[in-house]
Amino acid sequence: MITFTPLQGMSEVVTGYIEPNDAARDVKMYVQAGWDDVPHLDEAAKKRKHRSVDRDRDRWRHTIEADPIGNIPLAALRRGDVVEWRDRMAAKELRPQTIKNALNLLRAALREALDRELVETNVALDVRVPRASETEEDEDLGGVLLPAEQLALLQAVPVSARSLVAVALMTGL
């Protein structure tokens, strides 16, 4: 049974739920469906989609609900609130990709709110996350030895182990 398609619009069944009519007055049934009811997806695809939904829920709880931005009503949310939220995540030293994932989740929620006319604009749309290279200082190599330190290490290890240590240094091990 087709209930809705972009080209054909709502079927009589869906319209009957939304707008009362004589045909749907006596009988209205709801069907609850889950991933097991999606025949075109194999089990691996269903598990991936389920994990993706779980990740988004966790991301929402940890980055939006747990932050002061989660207490701001949609109609009162401003671009500056989103920028401050992004900056708070950066101050917690979250990785830029983690911040971008959280921002994309907020953008999607606001896009849905915009479609439902709950907000006038998606205030998160043009907020950007600086690249990792823009946020790190050149001297902060996060555990990478500077050339002078590499040379000192090579000179400190026994001659028999120098080639192994040199390979480790060159490959980032």
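This briefing describes the fold, the nonpolar core and several charged residues of one protein chain. The model is predicted. The protein chain contains 7 helices and 2 strands, and buried residues account for 21% of its 173 residues. The structure holds 5 salt bridges, and three of them are described below, together with a buried aspartate, D81, that has no salt bridge.

**Overall layout**

- Read from the N terminus, the elements of the protein chain follow the order β-β-α-α-α-α-α-α-α.
- Of the contacts in the protein chain between residues at least 6 apart in sequence, 36% link residues at least 24 apart.
- The protein chain exposes about 13700 Å², and 54% of that area comes from carbon and sulfur atoms.

**The largest nonpolar core**

- In soluble globular proteins, nonpolar side chains tend to be buried together.
- The largest nonpolar core in this structure has 16 residues.
- Within this core, the residues with the most contacts are I69, V82, W85, L103 and L106.
- Helices α3 and α4 (96-115) are the elements that give two or more residues to this core.
- The biggest share comes from α4, which gives 5 residues.
- Apart from neighbours within four places in sequence, W85 contacts T63, I64, D67, I69, A102, L103 and L106.
- Three of the partners of W85, namely I69, L103 and L106, are also listed among the core residues with the most contacts.

**Salt bridges within helix α2**

- Side chains of opposite charge can pair when their charged atoms come close.
- R59 forms a salt bridge with D56, and their closest N and O atoms are 3.1 Å apart.
- R59 and D56 are 3 residues apart in helix α2 (residues 43-65), so about one helical turn separates them.
- R59 counts as partly exposed because its relative accessibility is 21%, and buried would require a value under 20%.
- D56 is partly exposed as well, with a relative accessible area of 30%.
- R61 pairs with D58 in another salt bridge, where the closest N and O atoms are 2.3 Å apart.
- R61 and D58 are also 3 residues apart in helix α2, about one turn of the helix.
- R61 is partly exposed at a relative accessible area of 41%, and D58 is partly exposed at 34%.

**A salt bridge between a loop and a helix**

- D67 forms a salt bridge with R88, with 2.5 Å between the closest N and O atoms.
- D67 lies in the loop between α2 and α3, while R88 lies in helix α3, so this pair ties together parts that are 21 residues apart in sequence.
- D67 is buried, with a relative accessible area of 5%, whereas R88 is partly exposed, with 29%.
- D67 is also one of the residues in contact with W85.

**D81, a buried charge without a salt bridge**

- D81 sits in helix α3 (residues 79-91).
- D81 is buried but has no salt bridge.
- The nearest side chain of opposite charge belongs to R78, 6.2 Å away; a salt bridge needs the nitrogen and oxygen atoms within 4 Å, so this pair does not qualify.
- The backbone of R78 is nevertheless involved: its nitrogen lies 2.9 Å from a polar atom of the D81 side chain.
- Not counting residues up to four places away in sequence, D81 touches I69, I72 and A76.
- I69, one of these residues touched by D81, is also in contact with W85.

Conventions
Residues numbered from 1 in each chain as written. Predicted model: local features only at pLDDT ≥ 70, side-chain atom pairs only at ≥ 80, totals over all residues. Heavy atoms only, no water. Helix = DSSP H or I, 4+ residues; strand = E, 2+ residues; numbered from the N terminus. Buried < 20%, exposed > 50% of the residue type's maximum accessible area, 1.4 Å probe, protein only. Lys, Arg positive; Asp, Glu negative; His and termini not counted. Polar contact = N/O pair within 3.5 Å; in protein donor to acceptor, adjacent residues only side chain to side chain. Contact = heavy atoms within 4.5 Å. Core = buried A, V, L, I, M, F, W, Y, C linked by side-chain atoms within 4.5 Å. Areas by Shrake-Rupley, 256 points an atom, 1.4 Å probe, with all protein chains shown as cover.
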